[in-house]
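Reader: I am in my first year and still learning how to read helix packing. Please take one part of this structure and go through it slowly, with each term explained when it comes up.

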Amino acid sequence: MKVKTFHEYIFTLQQGKKRFLATRNLSPGSQVYGERLVQVEQAEYRIWEPKRSKLAAMLLKKLPSPFTTTSKVLYLGSATGTTVSHVSDIVHQGVVYAVEFSPRTMRDMLPICEERPNIIPLLADASKPQSYANVVEPVDVIFQDVAQPDQASIALSNVQHFLKPGGYLLMSIKARSVDSTAKPDTVFKQQLITLLEQDNSKLELVKKQKLAPFHIDHLGVVVKKTE
Amino acid sequence: MNVKTWFADIEINEDGSVADCRPCSQDVQQLAERLLVFQADPKQIPPARFDPVQNAIECGFAAGETEYYSLLQQTCIAATRLKIKNSYSPDLRIIHAVEALDDIDEAANLLAERLGIWYGEHFPEAGMLTENLAKFVAENGLRQDLQQDSQFHEAARSSVGMEMDAEDGAIIKAFAADLTSLYERRHVIEAYIHKNMKQLAPNLDEVAGANLGARLISMAGGLQSLSRMPSSTIQVMGANQALFKHLRGKASSPKHGIIFNHPLIKNSHPKIRGKMARALASSLSIASRVDAFSGQLNPTIKEKLDRKVRSIKGGSK
């Protein structure tokens, strides 16, 4: 397979006509969720499936990636840690603070944290950023995938607490969990208004893009904090 | 300003510089407990642009970034472990028991159907079903093995069923014995739920009955979450398809979900079932709240429901 750099430390593997998104495995030899491992020239890559990860879908839908190898990332809604593990591959010299509310899914993520030195697990409620404010440092990127009705305001309160000036917020808005009966476009518009049209929120929309066909009724959003 | 981070108590001046810093020891368990105390009740939060990493190194908690992050990760993993361990509530046992009951029902129905067809080929005159049939076959085996004094002895002699030999008999008898033990297990679990519901949720047990009460807890995901539900949710819980059809504007709203299984609704005339469901659901939500927050049996809930039921029935005549 031929390896090309997609973005800093995110790769694409070419096999015939098929192209896969992948990250270089931080703990070689071990799988996190049954993903394919591919060995190319002394390095091991983990195939990153866009149907299973909103972040992968966002990248493939050409939303800009703000990650560098030393980024500090606050990840809200880490679930069982599948996408978190790829982020941890990318920011291999940085840190990922992974916030998850459900003890049951956190139980599945703990073994991943023990294998990867740059994931800090936090079993806490993302809508209460105060409760982890004594642990998390100012971060370069906030990624949010929480599927909550008040997604935008959760993102906003975390941005105010933790995002550095010039930092980026990436979020995937799931229309069906905000309002299961309203039209997705109406929900997206209303969530973006909550997010961007606050006085002195200092946020600026960089790009938005629907995540179909990978995820239906999801909107990927990249937002920059201006100062 | 006095702030608390996971590793130290820090005194910060007006201009943001550090006046005083008292770092904790590097004992991971102690740090984890400190973290959880803070998480439960966040006080003295560091200001928005406070950099804990630099601070920890300057005040001597950690020698460098590597040590800082390693300690932070160990602490957070330890804290998360503790929190997961304390997150299991006693109603989880009931939830698993109820779900086990459902699984047993599904499996037992499947096996009972098979036994009915199988043994029916051999002895169609027996005319029994499910648990009775399983017990009968497990005890007696094939029809030629029946005792003289059995009430089926005569029917067995003149049966039109297929002949089976001893090998068939052994297999079908063992199969029936497995099924019987499944039914027995079901009774044991049911008794367990009845006993535990009386302790865990005495009011819900009284108003709904142990089975329905346990099922409500299981569907809500716990007694706490059930107690936080509005009674209109409890009323239609389990009628998801009908409810969403209604919300899409394509049907009238469902009157009852799982609570239909309560005799008050099941045995009522269809015309008053909607009223009954509303009354029952509101009593159930009150009962679940009393159970979740006080745990004491309060007989007035049932009395009030009975009064309401009488007035609904009286009004319908």
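Author: What follows is a close look at how some helices of chain B pack against one another.

This is a predicted model, in which local features need pLDDT of at least 70 and side-chain atom pairs count only at pLDDT 80 or more, whereas totals for chains, interfaces and linings use all residues. Residues are numbered from 1 along each chain as its sequence is written, chains are lettered from A and ligands numbered from 1 in the order in which they are written, and side-chain values use heavy atoms, with hydrogens and water left out.

Chain B is divided into domain 1 (2–86), domain 2 (92–194) and domain 3 (226–315), with bounds that come from an automatic or database domain assignment. The centres of domain 1 and domain 2 of chain B, taken over C-alpha atoms, are separated by 64 Å.

Let us begin with helix α4 (residues 91–122) of chain B and helix α5 of chain B, where helices (H or I, at least four residues) and strands (E, at least two) are DSSP runs numbered from the N terminus. Their axes come within 10 Å and cross at roughly 55°; such axes are lines fitted to C-alpha atoms, for helices over the stretch in contact, and the angles run from 0 to 180 degrees between N-to-C directions. α4(B) and α5(B) are therefore oblique to each other, given that angles under 35 degrees count as roughly parallel, over 145 as roughly antiparallel, 65 to 115 as roughly perpendicular and the rest as oblique. α4(B) passes α5(B) in a left-handed crossing, a term used if the near helix is turned anticlockwise from the far one by less than a right angle, with right-handed used if clockwise.

In this contact (heavy atoms within 4.5 Å), Ala112(B), Leu115(B), Gly116(B) and Tyr119(B) of α4(B) meet Thr130(B), Leu133(B), Ala134(B), Phe136(B) and Val137(B) of α5(B). By class, the contact of α4(B) with α5(B) has 7 nonpolar, 2 polar and no charged residues, where Ala, Val, Leu, Ile, Met, Phe, Trp, Tyr, Cys and Pro count as nonpolar, Asp, Glu, Lys and Arg as charged, and the others, Gly among them, as polar.

Over all chains, the structure holds 15 aromatic pairs, meaning rings of Phe, Tyr and Trp (its six-membered ring) with centres within 6.5 Å, and planes under 30 degrees apart count as stacked, over 60 as edge-to-face and the rest as tilted. The rings of Tyr119(B) and Phe136(B) have centres 6.4 Å apart and planes at 75°, so this pair is edge-to-face. Because Tyr119(B) lies in α4 of chain B and Phe136(B) in α5 of chain B, the pair ties together parts that are 17 residues apart in sequence.

Helix α5 (residues 130–140) of chain B also packs against helix α7 (residues 166–200) of chain B, with axes that come within 8 Å and cross at roughly 130°. α5(B) and α7(B) are therefore oblique to each other, and their crossing is left-handed. The residues of this contact of α5(B) with α7(B) divide into 8 nonpolar, 3 polar and 4 charged.

Finally, α4(B) packs with helix α9 (residues 210–220) of chain B at an angle of about 105°, the axes being 9 Å apart. α4(B) and α9(B) are therefore roughly perpendicular to each other.
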